[in-house]
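Work through the exercises below with the sequence and the 3D view open. Try each task before reading its solution.

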Amino acid sequence: MGTGYVGLVSGTCFAETGNDVLCVDIDPKKVEMLQGGKIPIYEPGLSELVERNAAQERLRFTTDVTAGVEHGEIIFCAVGTPPDKSFKADVSAVRAVSEAFGKYLKGYKILVNKSTVPVGTGALSKSIIEQQLAKRGNPAGDEFDIVSNPEFLREGAAVNDTMKPERIVIGSESERAQELMTQLYKPFLRYNMPVLHTNIESAELIKYASNSFLATKISFINEIAGFCELTGANIVDVARGMGADSRIGRRFLHAGIGYGGSCFPKDIGALINSGKEKGYSFRILEAVEQVNDRQKKEVFEKLLERIPKLEDKTIAVLGLAFKPKTDDMRDAPSIKIIKKLQAEGAKVRVFDPVAMKNAVHYLANTNLTYAKNAYEATENADALLLLTEWDAFRNIDRQRIKSTMVGNLLIDGRNIFDPVEMKSIGFDYISIGRDTSQQNPA
Ligand code: NAD
């Protein structure tokens with residue numbers, strides 16, 4: 001249930017290991033595309049897998065929720081849980097799936113929640129299903145169990161992450177459900193990764209705590225980067241030195257314009273909110289959010305320091321997606337930054353290798369041009385902002401870009417270029433936590 005980034009990848013990978021999978025989504029356009037062999041999202045390696053499994057009839061798509069519940073023994077809930085106005089996770093789609101599950105359940109089935117949901121949602125699903133069963137009297141004695149099986153895939157590496165997960169978390173108190181889940185995951189276990197059996201609440205919290213910890217690493221290194229700018233230290237060296245310590249680890253220590261995307265902002269917000277509901281305050285996470293907001297504002301402030309009046313200035317933006325290798329624009333830092341540029345009257349010219357189609361839904365068209373490549377975006381620009389570290393930008397012809405720009409300001413929000421080299425080309429180069437006299441060993 002739910003054929004988005006998580007549902008489509010999970011369903012496809014379960015089909016790849018020999019299961020008969022029916023993917024259900026209430027979005028008829030999405031289902032129609034999938035039935036026609038088209039993949040609605042950009043995810044490396046996914047289309048070949050979908051094509052193969054669909055051709056071998058192990059993977060099908062439908063909008064028919066009833067058929068979805070009737071199909072198979074294990075029903076995954078992979079619907080969206082977006083933030084509501086107060087940043088609380090909106091679990092209405094999970095409620096809808098639970099209701100449908102209770103309504104159409106026959107025999108014994110398990111409802112497995114893969115969506116990221118607040119602690120207590122498993123219990124909520126259980127009570128919704130029980131209500132549905134009570135409503136229809138349940139003459140056949142249909143039975144069910146609830147499992148929490150949070151998803152840890154990363155967009156851009158989702159197929160690999162699903163086929164070779166680092167851990168599998170199965171939250172359930174039912175031995176019967178645990179056995180079914182273990183059987184389903186057996187083909188993925190050959191890499192000796194840990195399978196953790198927990199209660200439902202712990203499984204639900206593992207997901208939020210993991211994302212919160214990763215976001216904390218990002219805000220931590222960004223805070224250190226701010227101090228580097230005042231002291232002459234180089235954040236790339238500092239992060240490298242810290243990351244060599246296996247207790248710290250080098251990942252998620254890249255200073256930049258902060259985290260975004262469909263998971264971190266919403267999950268950190270939702271956990272803070274869950275805490276508030278119980279009278280508990282997540283002080284570290286509140287600071288993590290503040291630092292993250294500041295990172296985006298700082299890019300803009302750095303731009304205003306150099307170009308105080310942006311009206312009618314042409315600003316090129318390279319990279320729109322919240323990270324490379326995805327077309328996902330949900331909560332991408334680029335959205336806030338571009339909206340601010342537009343509010344100041346700047347003409348914005350953007351290029352992203354895959355996210356431009358999605359970006360249209362998030363950005364107003366006023367003063368915004370979608371370029372066909374990075375060179376077109378930067379031609380005659382007064383300043384260039386690099387917001388996503390796509391590989392395609394790393395070895396871009398910097399000389400060519402500089403020579404066709406009107407201005408020379410380059411704000412590198414992801415620290416992908418060498419400050420010394422950029423300065424020698426003639427850029428007024430600004431990055432995060434490094435000054436321009438420092439070599440970039442990144
Ligand atoms: P998505 O928006 O891409 O997909 C959700 C899909 O559910 C949509 O296609 C929507 O039409 C469908 N849907 C909504 N209500 C439905 C219903 N009642 N029945 C059937 N389908 C319904 O979302 P996503 O990125 O796949 O995320 C799904 C969940 O997984 C979220 O809770 C998210 O936090 C979590 N998650 C996402 C990622 C990620 O990288 N995207 C990683 C781990 C966990």
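**Exercise 1. The shell around the ligand**

Task: Find which helix gives the most residues to the shell around the ligand, and describe that shell.

Solution. The model is a predicted one.

Step 1. Helix α5 gives the most to the shell, with 3 residues.

Step 2. Sort the shell by class: 10 residues are nonpolar, 8 are polar and 8 are charged.

Step 3. Pick out the residues that come nearest. Of the 26 residues around the ligand, these are Asp 25, Lys 30, Thr 81, Glu 155 and Lys 266.

Step 4. Look for pairs of N or O atoms. In the side chain of Lys 30, an N or O atom is 2.6 Å from an oxygen atom of the ligand. Val 6 has a backbone N or O atom 2.8 Å from a ligand oxygen atom. For Gly 2, a backbone N or O atom lies 3.4 Å from a nitrogen atom of the ligand.

Step 5. Ask how much of the ligand is covered. On its own, the ligand has 830 Å² of accessible area, and the protein covers 88% of this.

Step 6. List the elements that give two or more residues to the shell: they are α1 (5-16) and α5 (92-104).

**Exercise 2. A lysine in a loop**

Task: Decide whether Lys 114 is buried or exposed, and list what its side chain contacts.

Solution.

Step 1. Locate the residue: Lys 114 is in the loop between β4 (108-113) and α6 (121-135).

Step 2. Compare its accessibility with the cut-off. The relative accessibility of Lys 114 is 4%, so Lys 114 counts as buried, since buried means under 20%.

Step 3. Check for a polar partner. The side chains of Lys 114 and Asn 149 make a polar contact at 3.0 Å.

Step 4. Look at the residues it touches, leaving out those up to four places away in sequence. Among them are Val 6, Phe 76, Pro 150, Glu 151 and Tyr 185.

**Exercise 3. Two cores and a helix**

Task: Name the residues with the most contacts inside the largest nonpolar core, then examine helix α13.

Solution.

Step 1. The largest nonpolar core has 52 residues, and those with the most contacts inside it are Leu 303, Val 317, Leu 318, Leu 341, Leu 385 and Phe 393.

Step 2. There is also a second, separate core of 35 residues, which includes Tyr 5, Val 9, Ala 15 and Leu 46.

Step 3. Relate this to a general tendency: in soluble globular proteins, nonpolar side chains tend to be buried together.

Step 4. Take Leu 318. Beyond four places in sequence, Leu 318 touches residues including Phe 351, Ala 374, Leu 385, Phe 393 and Ile 396.

Step 5. Turn to α13 (residues 333-343). Its buried residues are Pro 333, Ser 334, Ile 335, Ile 337, Ile 338, Leu 341 and Gln 342. Their cover includes α12 (283-306), β8 (314-318), β9 (347-351), β10 (368-370) and β11 (383-386).

Step 6. After α13 comes Gly 345, with a positive phi near 85 degrees.

**Exercise 4. Two asparagines with positive phi**

Task: State where Asn 138 lies and where Asn 380 lies, and classify each by accessibility.

Solution.

Step 1. Asn 138 is in the loop between α6 and β5 (143-148), and its phi is near 45 degrees.

Step 2. With a relative accessible area of 18%, Asn 138 is buried.

Step 3. Asn 380 lies in the loop between α15 (374-378) and β11. Its phi is positive, about 60 degrees, although Asn 380 is not a glycine.

Step 4. At 44% relative accessibility, Asn 380 counts as partly exposed.

Technical notes. Residues are numbered from 1 along each chain as its sequence is written. This is a predicted model: local features need pLDDT of at least 70, side-chain atom pairs count only at pLDDT 80 or more; totals for chains, interfaces and linings use all residues. Side-chain values use heavy atoms; hydrogens and water are left out. A nonpolar core is a set of buried Ala, Val, Leu, Ile, Met, Phe, Trp, Tyr and Cys residues joined through side-chain atoms within 4.5 Å. Buried means under 20% relative accessible area, exposed over 50%, partly exposed in between (1.4 Å probe, protein chains only). Contact means heavy atoms within 4.5 Å. A residue is near a molecule or strand if one of its heavy atoms lies within 4 Å of it. A polar contact is a pair of N or O atoms within 3.5 Å; within protein, one must be able to donate a hydrogen and the other to accept it, and residues adjacent in sequence count only if both atoms are side-chain atoms. Accessible areas come from the Shrake-Rupley method with a 1.4 Å probe; for residues, only the protein chains shown count as cover. Helices (H or I, at least four residues) and strands (E, at least two) are DSSP runs, numbered from the N terminus. Ala, Val, Leu, Ile, Met, Phe, Trp, Tyr, Cys and Pro count as nonpolar, Asp, Glu, Lys and Arg as charged, and the others, Gly among them, as polar.
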